[in-house]
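User: Please take one close look at this model, with burial as the thread. Start with the cysteines and go on from there in a single answer.

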Amino acid sequence: SSAAVLEAALAMAALALASLAYGRWRQHGRGSDLWVCYGISVIAAGKIAFIVVPVLTGQDAKSSTLHAAALIAGAVGALFLLVGAAMPPGARVVPQRPMVDLIGVLGVVLVVSAVTGVAGHLTGSAFASIPDFVSTEATGDRGDVIVTGIQAFTAVVFGATALMAFRRRTPGDMFFGWLAVASVLWALARVNYLFTPGRLASWMTLGDWLRLAAYGVLAVGAARELRVYWSRLAEAGALEERRRMARELHDGLAQELAFIVAQSSVLVREHEGSSRHKLLRGAAERALDESRRAIAALTRPTDEPLAITLGQAAEEVGSRLGAMVRLDLDDHVLLAGEAREHLVRITREAVTNAVRHGQAASVTVRLSNHDGVTLDVIDDGCGFDPKSLDHLSGRLGLKSMEERAQRIGATFGLESLPGGGTHVQVRMA
């Protein structure tokens, strides 16, 4: 009686896992996920049709026909899992409408279960010597060649599934990694059943604990999969909100600031000797740069590598101001959110100052990871004497870069000579 309860619980767990695989297929369209859904569904259907339902309806759950059907269903489910694990990652089965897909999957599982039931009816006599309770996965060895063959064949299939699933796991998708571990446990359970005496088949054996562990592993993997899924939903919602804010900034604030910059440039040309107009133009240009930086930050992927972010920021400023930007960026530099944001801001400010105040034609941006992270921005501009800046915007830009470096625990260095270009360096231990 407890065996039926155990099989019912495992059947419910298998259905939940099949639903997860079905959702993965609907989301990504990968054929491997669909076949995994078929395999786990067939195993669950075998438990329900040939074990749970007969017990609930008062039928003889120990009949040889049900024994045969249950064991065959387990072997067929294992084959489906092997096909899914061995399928090339690029193989696609394009989902259709949700209801059509659901009916199609249920139809396949019902047809396979029906064929399995017929096969069990035709071969039931070969399982007549097994009087004990039998699962889609469990039985004792009574010397029956066909039973031993099914168990050995299914163990080999699960072993192959584990190998194929392990090879196709990826850092961003560990579903097949969890399936590989579960398949190993299933294979070991089958091997254990090969050596379990028939008189112990009605007891909880090592094979039962191994298959319970297999479902436990898949349950943990499913929980992690769902957590990643909800995290991606949250990230997608946040990204959409960021893009909406970026559109509003671009269509509103940035356009108005661009107009102010244009008009202030006209005023500077009309009043060449007025420092007040130059300060106004400088403030408007910095505000416009800030708005563009905010727009770029809002539309940038949150997991973008630092080298790409820095390169895009430097090239955007250089192309807008008419300077050539040379990049020498280490692709393996990893920094937390605040540190990377300050480095990007320092890079934009350094390139802007090099072109706007130093009239540089070429700027080199270098990011290296030797004994700490080092950012170098080197230009071929006219240079200046850092101790005698004669324009307020230059002093503000240098002060801003130095303060940002201090916030992330970095040292800020500046080398420049009149006519000799400028070298800005930020070092993080």
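Analyst: Cys382 is partly exposed, because its relative accessibility is 34%. Here buried means under 20% relative accessible area, exposed means over 50%, and partly exposed lies in between (1.4 Å probe, protein chains only). Cys37 falls on the other side of the cut-off: with a relative accessible area of 2%, it is buried. The disulfide count is 0. A disulfide would need a pair of cysteine sulfur atoms within 2.5 Å.

A word on the basis of these values. The model is predicted, so local features need pLDDT of at least 70 and side-chain atom pairs count only at pLDDT 80 or more, while totals for chains, interfaces and linings use all residues. Residues are numbered from 1 along each chain as its sequence is written, and side-chain values use heavy atoms, with hydrogens and water left out.

Next, helix α10. Helices are DSSP runs (H or I, at least four residues), strands likewise (E, at least two), numbered from the N terminus. Helix α10 covers residues 337-356, and its end C-alpha atoms are 28 Å apart. That agrees with the 28 Å expected for its 20 residues at 1.5 Å a residue. The expected span is 1.5 Å times one less than the number of residues. Of the 20 residues in α10, 16 are buried, so the rest of the structure largely encloses this helix.

Glu349 belongs to α10. At a relative accessible area of 19%, Glu349 is buried. Beyond its neighbours within four places in sequence, Glu349 contacts Gly397 and Met401. Contact means heavy atoms within 4.5 Å.

Ile408 sits in the loop between α11 (392-407) and β4 (411-416). Its relative accessible area is 15%, so Ile408 is buried. Residues up to four places away aside, Ile408 touches Glu338, Ala339, His342, Leu343 and Met428. Ile408 and Ala339 are 69 residues apart along the chain, yet their C-alpha atoms are separated by 5.7 Å.

Arg356 also brings in a distant partner. Arg356 and Glu285 form a salt bridge, with 3.4 Å between the closest N and O atoms. Arg356 lies in α10 and Glu285 in α8 (residues 275-299), so the pair ties together parts that are 71 residues apart in sequence. A salt bridge is a side-chain nitrogen of Lys or Arg within 4 Å of a carboxyl oxygen of Asp or Glu. Arg356 is partly exposed at 23%. Glu285 is buried at 16%.

Past α10 comes a loop that leads to β2 (362-369), and Gln359 is found there. Gln359 is exposed, at 54% relative accessible area. Its phi is near 50°, a positive value in a residue other than glycine. Most residues other than glycine have a negative phi.

Now the other salt bridges. The structure holds 14. One of them joins the side chains of Arg24 and Asp33, at 3.1 Å from N to O. Both Arg24 and Asp33 are buried. Another joins Arg211 and Asp208, at 3.1 Å from N to O. These two are 3 residues apart in helix α7 (residues 206-270), which separates them by about one helical turn. An α-helix has 3.6 residues a turn, so residues three or four places apart point the same way. Arg211 is buried at 3%, and Asp208 is buried at 7%. A network of salt bridges links Asp208 and Arg211 with Glu7 and Lys47.

Helix α6 (residues 175-194) can be read like α10. Its 20 residues should span 28 Å at 1.5 Å a residue, and the end C-alpha atoms are 29 Å apart, which agrees. Of those 20 residues, 15 are buried, so α6 is largely enclosed by the rest of the structure.

Ala155 is in helix α5 (residues 145-167). It is buried, at 10% relative accessibility. Apart from residues up to four places away in sequence, Ala155 touches Ala187, Arg190 and Val191.

Last, the surface. Met99, Leu102, Ile103, Leu106 and Leu110 make a nonpolar surface patch of about 520 Å². Patches take residues with over 30% relative accessible area and no salt bridge; like charges are joined within 9 Å, nonpolar side chains (Val, Leu, Ile, Met, Phe, Trp, Tyr) within 5 Å. Areas come from the Shrake-Rupley method with a 1.4 Å probe; for residues, only the protein chains shown count as cover. Leu106 lies in helix α4 (residues 98-123) and is partly exposed at 47%.
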